[in-house]
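Morning, everyone. I'll walk you through one structure today, so please have the sequence and the 3D view open.

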Amino acid sequence: EGYVPVFWSFAYRDWLTNDQPDPEEAKARILGQLHDGSILLLHTVSATNVEILPDLIDAIRAQGYRIVPLPTP
């Protein structure tokens, strides 16, 4: 079918729409787990992720990491 399995290296409890993590704590937690080759699982239903995403991307890049698409077959 052309599927490529991808496993994430970080996920946190962000999918519960009625129990969202604190934005600053979430950002600190995510940034604290970065490493070369990190694959972050962030759920689109998370209001916290929507709020922190621009700052998170800037902070990730400021640490010298690049955000790249996953390779396709």
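Let me start with a term, since I'll lean on it throughout: buried means under 20% relative accessible area, exposed means over 50%, and partly exposed is what sits in between. And please keep in mind that what you have on screen is a predicted model.

Let's use that term straight away. Take Asn49, which you'll find in helix 2. Buried or exposed, what do we call Asn49? Its relative accessibility is 6%, so Asn49 counts as buried. Now look for Asp14: that residue is 35 positions away from Asn49 along the chain, yet their C-alpha atoms are separated by 7.7 Å.

Okay, the overall picture. We have 2 helices and 2 strands in this chain. Reading from the N terminus, the order is β-α-β-α. If you put a box around the C-alpha atoms along the principal axes, you get roughly 35 × 30 × 15 Å. The chain has 73 residues, and 22% of them count as buried.

Another buried one is Ala26. Where does Ala26 lie? In helix 1, which covers residues 23–32. Ala26 has a relative accessibility of 2%, and the cut-off is 20%, so Ala26 counts as buried. Tyr12 is 14 residues from Ala26 along the chain, and the C-alpha atoms of the two are 8.5 Å apart.

Now for the charged side chains. How many salt bridges does the count come to? The answer is 1. The pair is Asp19 and Arg13, whose side chains meet at 3.6 Å, N to O. The background here is that side chains of opposite charge can pair when their charged atoms come close. As for how covered the two partners are, Asp19 is partly exposed at 42% relative accessibility, and Arg13 is partly exposed as well, at 48%.

Next, have a look at the surface. Val4, Val6 and Leu70 make up a nonpolar patch there, and together they have about 230 Å² of accessible area. Find Val4 in the segment before strand 1, which is residues 10–11. Val4 has a relative accessible area of 42%, so we call it partly exposed.

While you're on Val4, jump to Pro71. Pro71 is in the segment after helix 2, and with a relative accessible area of 68% it is exposed. Along the chain, Pro71 and Val4 are 67 residues apart, but their C-alpha atoms are separated by 8.8 Å.

Last stop, the pockets. The largest one has a volume of about 720 Å³. It is lined by 24 residues, and the closest to its centre are Ser38, Ile39, Leu40, Ile67 and Val68. Which element gives the largest share of that lining? That would be helix 2, residues 47–62, with 6 residues. What about the chemistry of the lining? It divides into 15 nonpolar residues, 7 polar and 2 charged.

So, to look back at a few spots on your screens: Asn49 and Ala26 for buried positions, the Asp19 and Arg13 pair for the salt bridge, and the patch of Val4, Val6 and Leu70 on the surface. That's my tour, thanks.

Notes
Residues are numbered from 1 along each chain as its sequence is written. This is a predicted model: local features need pLDDT of at least 70, side-chain atom pairs count only at pLDDT 80 or more; totals for chains, interfaces and linings use all residues. Side-chain values use heavy atoms; hydrogens and water are left out. On a 1 Å grid over the protein atoms alone, a cavity is a set of points where a 1.4 Å probe fits but cannot get out, and a pocket is an open set with protein on both sides within 12 Å along at least five of seven lines; lining residues have an atom within 4 Å of a point. Grid points are joined across faces, edges and corners, and a volume is the space filled by probe spheres set on the points. Helices (H or I, at least four residues) and strands (E, at least two) are DSSP runs, numbered from the N terminus. Ala, Val, Leu, Ile, Met, Phe, Trp, Tyr, Cys and Pro count as nonpolar, Asp, Glu, Lys and Arg as charged, and the others, Gly among them, as polar. Patches are made of residues with over 30% relative accessible area and no salt bridge: like charges are joined within 9 Å, nonpolar side chains (Val, Leu, Ile, Met, Phe, Trp, Tyr) within 5 Å. Accessible areas come from the Shrake-Rupley method with a 1.4 Å probe; for residues, only the protein chains shown count as cover. A salt bridge is a side-chain nitrogen of Lys or Arg within 4 Å of a carboxyl oxygen of Asp or Glu. Buried means under 20% relative accessible area, exposed over 50%, partly exposed in between (1.4 Å probe, protein chains only).
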